[in-house]
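Hi,

Here's the structure I said I'd pass on. Have a look at it first, and my notes on what turned up are underneath.

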Amino acid sequence: QRSRSQNIVPCTVSQLLAAEQVDEVFRICDVEISQVTVVGIVRHAEKAPTNILYKVDDMTAAPMDVRQWVDTDEAGGENVVVPPGTYVKVAGHLRSFQNKKSLVAFKIMPLENMNEFTTHILEIVNAHMILRKNLMSASSVPPSFSSTGIRDMGGYGGVGSLPVNGLTAHQSQVLNLIKSCPVPEGMSLQELKVQLHSMSMSTIKQAVEFLSSEGHIYSTVDDDHYKSTDAE
Amino acid sequence: MGDIHEVPRPRIATGQLAQHIGKPVCFVGRVEKIHPTGKLFVLSDGVGKHTTVELSEPLDEEISGIIEVVGKVTNQATIMCVSYVQFREDKSPFDLELYNEALKIIHEFPDYFPFG
């Protein structure tokens, strides 16, 4: 049973087209992707009884097919067709059929603030850089992209996008261990050192200090024990 | 709408026109002036440098604010426009300077933002 990526990764159409598929899993430069966001302009919109087919263009390649299933029980039609010429943010799953890639969208939102388009560009670079670097850093703890809360990007709630949280690999590893600790008094520095044998105590302490000052963790019974502020 | 929309169109600023002569590009800028014939207009980029955009047919509407042009760079380092859209600014103004910074990033890290 493969572990599905929990992230929603901002991507360019060119990256999605270049993604390699092995069994059910897509990878962009070895980074596993499933749910993605794309920002582009609608070039074409075609309404069918059960779905709307869009072609969304972000200039990095030819426009990508984006399919949005329509709820046929819905009388009024919550799915209003977005007109061509509109910039949208699409959240959906990457699919491939007969070697052709497409997206199945669970949300398509016209951009009301075009600065989100600029932000998306920056988030793509940031996300792919972090994801690839985390793959390469040798560690005993798998990388985790814990959501620091629901990011208010255009209002599609319920899905945490990749946080721009600026944590280094060491800080992420320490945070993940602390998060995974179920006991009320949390994880001690000594336990962290045992688990992260490749990390020096001073590095661990620096990471703990940073995470604490950023509000990711808090001390419990004493300054040696920490719990995560994120409810998991 | 033409073949140009089926290929990668690198996002560039005025300073990069020379490196893209003959190639399809995407340019975002602020309308500075429109020629009386309507076949030519000037856009400024995020650092205030001007780019001339030419049209095969005159404009049939008033354009203003932020325009995104898709076209090919001519030998004179102008852009022969194939299509354009106006960015909506009814709710918030577009930060063109920030967009320029984003362009610098994507040109510095093409591995993470590939065109094509």
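In which hand of crossing does α2(A) pass α1(B)? Left-handed, as it turns out: that is how α2(A) goes by α1(B). Before I go on, bear in mind that this is a predicted model.

Staying with that pair of helices, α1 of chain B covers residues 96-108, and its axis and that of α2(A) come within 10 Å, crossing at roughly 25°. Angles under 35 degrees count as roughly parallel, so α2(A) and α1(B) are roughly parallel to each other. On the chain A side, the residues that meet the partner helix are A:F117, A:T118, A:I121, A:L122 and A:V125. Facing them from α1(B) are B:L98, B:Y99, B:A102, B:I105 and B:I106. Sorted by class, this contact has nine nonpolar residues and one polar one, with no charged residues.

Now for the empty space. Searching the whole structure gives four cavities of 30 Å³ or more, and the largest has a volume of about 80 Å³. α2(A) turns up here too: it gives the largest share of the lining of that cavity, four residues. The elements that supply two or more lining residues are α2 (115-136) and β5 (35-47), both of chain A. Here is the lining in full, if you want to select it in your viewer:

- from chain A: A:T12, A:V39, A:G40, A:D57, A:D58, A:Y87, A:F117, A:H120, A:I121 and A:I124
- from chain B: B:R11 and B:F113

By class, that lining comes to six nonpolar, three polar and three charged residues. A:F117 and A:I121 are worth clicking on, as they are among the residues lining the largest cavity and also among those of α2(A) that meet α1(B).

One more helix pair, this time within chain A. α3 (residues 169-179) and α5 (residues 201-213) have axes that come within 9 Å and cross at roughly 80°. An angle of 65 to 115 degrees counts as roughly perpendicular, which is why α3(A) and α5(A) are described as roughly perpendicular to each other. In this contact, A:H170, A:Q171, A:V174 and A:L175 of α3(A) meet A:T203, A:A207, A:V208, A:F210 and A:L211 of α5(A). Six of the residues there are nonpolar and three are polar, and none is charged.

That's what I have so far.

Cheers

Technical notes. Residues are numbered from 1 along each chain as its sequence is written. Chains are lettered from A and ligands numbered from 1 in the order in which they are written. This is a predicted model: local features need pLDDT of at least 70, side-chain atom pairs count only at pLDDT 80 or more; totals for chains, interfaces and linings use all residues. Side-chain values use heavy atoms; hydrogens and water are left out. On a 1 Å grid over the protein atoms alone, a cavity is a set of points where a 1.4 Å probe fits but cannot get out, and a pocket is an open set with protein on both sides within 12 Å along at least five of seven lines; lining residues have an atom within 4 Å of a point. Grid points are joined across faces, edges and corners, and a volume is the space filled by probe spheres set on the points. Ala, Val, Leu, Ile, Met, Phe, Trp, Tyr, Cys and Pro count as nonpolar, Asp, Glu, Lys and Arg as charged, and the others, Gly among them, as polar. Axes are lines fitted to C-alpha atoms, for helices over the stretch in contact, and angles run from 0 to 180 degrees between N-to-C directions. Angles under 35 degrees count as roughly parallel, over 145 as roughly antiparallel, 65 to 115 as roughly perpendicular and the rest as oblique. A crossing is left-handed if the near helix is turned anticlockwise from the far one by less than a right angle, and right-handed if clockwise. Contact means heavy atoms within 4.5 Å.
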